[in-house]
Amino acid sequence: DAARWILEQTNARTSARSWPKVRSVAPAEPKPPEPSKPLALPPLEKGTVSDLAQLQELRGFRFFAGLQILSNRGQLGFATLKDGTERPRCWIITDDARRNAQARRLDGKPWQSLPGKPKAKTLPGSQAAWPIGASRISRSDTVLFTEGAPDLLAAATFASFDLPGSFEAVA
């Protein structure tokens with residue numbers, strides 16, 4: 001069902017000849033539509049060599065080629081955001097649709113100003129159910145599914161090594 005939903009949302013075509021039979025489920029109570037507010041995305045900067053090297057070290061990667069590709073595509077950006085009294089440098093994951101964005105501190109610390117001090121901050125106005133990267137599916141031959149932003153960085157890093165020159169066709 002999730003794969004079908006993603007394909008429908010992105011108007012992607014599939015060569016699948018059949019879908020598994022859908023089990024009949026009682027319809028859920030319709031929820032009132034959430035008020036639409038724009039994504040509060042700060043101006044994203046492409047990663048400098050210093051930013052990419054710091055993120056590479058933070059995540060424990062041997063190289064940052066995949067990070068550079070994500071930065072060039074606009075899926076990985078950097079910005080200085082407010083966190084209480086601090087203004088840490090952050091890395092932000094998003095995609096062409098700009099429907100969802102998540103920020104993490106580049107120093108690896110949790111968000112000090114948020115309840116529970118989480119590692120990630122979903123930016124205001126994000127549609128958290130929108131899979132980051134889904135906007136690329138309809139024009140891609142290969143789709144990699146990851147659980148979260150750190151896994152996206154890892155997938156891009158290792159795919160850029162395993163798929164040199166063809167990673168641009170991967171969503």
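## Exercises on a predicted model

Five bridges join strand β1 to strand β2 (residues 89-93), and the two run antiparallel. Strands pair if DSSP finds at least two bridges between them. This is a predicted model, in which local features need pLDDT of at least 70 and side-chain atom pairs count only at pLDDT 80 or more, while totals for chains, interfaces and linings use all residues. Residues are numbered from 1 along each chain as its sequence is written, and side-chain values use heavy atoms, with hydrogens and water left out.

**Exercise 1.** Work out which pattern of helices and strands the protein follows along the sequence.

*Solution.* Start with the elements: helices (H or I, at least four residues) and strands (E, at least two) are DSSP runs, numbered from the N terminus. The protein has four helices and four strands. Reading along the sequence then gives α-α-α-β-β-β-β-α.

**Exercise 2.** Decide whether strand β1 is largely enclosed, and find the partner of L76 in β2.

*Solution.* First, fix the term: buried means under 20% relative accessible area, exposed over 50%, and partly exposed in between (1.4 Å probe, protein chains only). Next, look at residues 76-80: four of the five residues of β1 are buried, so the strand is largely enclosed by the rest of the structure. Finally, follow the bridge from L76 across to β2, where its partner is I93.

**Exercise 3.** Find out which elements supply the largest nonpolar core.

*Solution.* A nonpolar core is a set of buried Ala, Val, Leu, Ile, Met, Phe, Trp, Tyr and Cys residues joined through side-chain atoms within 4.5 Å. The largest one has 15 residues, and among those with the most contacts inside it are L76, F78, W91 and I93. At least two residues of this core come from each of α2 (49-59), α3 (65-73), β1, β2 and α4 (149-162). Helix α4 gives the largest share, five residues. A second, separate core of nine residues includes L39, I92, A101 and L123.

**Exercise 4.** Place S138 and determine what it touches.

*Solution.* Begin with the location: S138 sits in the loop between β4 (120-122) and α4. Then check its exposure: with a relative accessible area of 44%, S138 is partly exposed. Now list its partners: leaving aside neighbours within four places in sequence, S138 is in contact (heavy atoms within 4.5 Å) with T10, N11 and A12. To finish, take N11: S138 and N11 are 127 residues apart in sequence, yet 6.4 Å apart in space, C-alpha to C-alpha.
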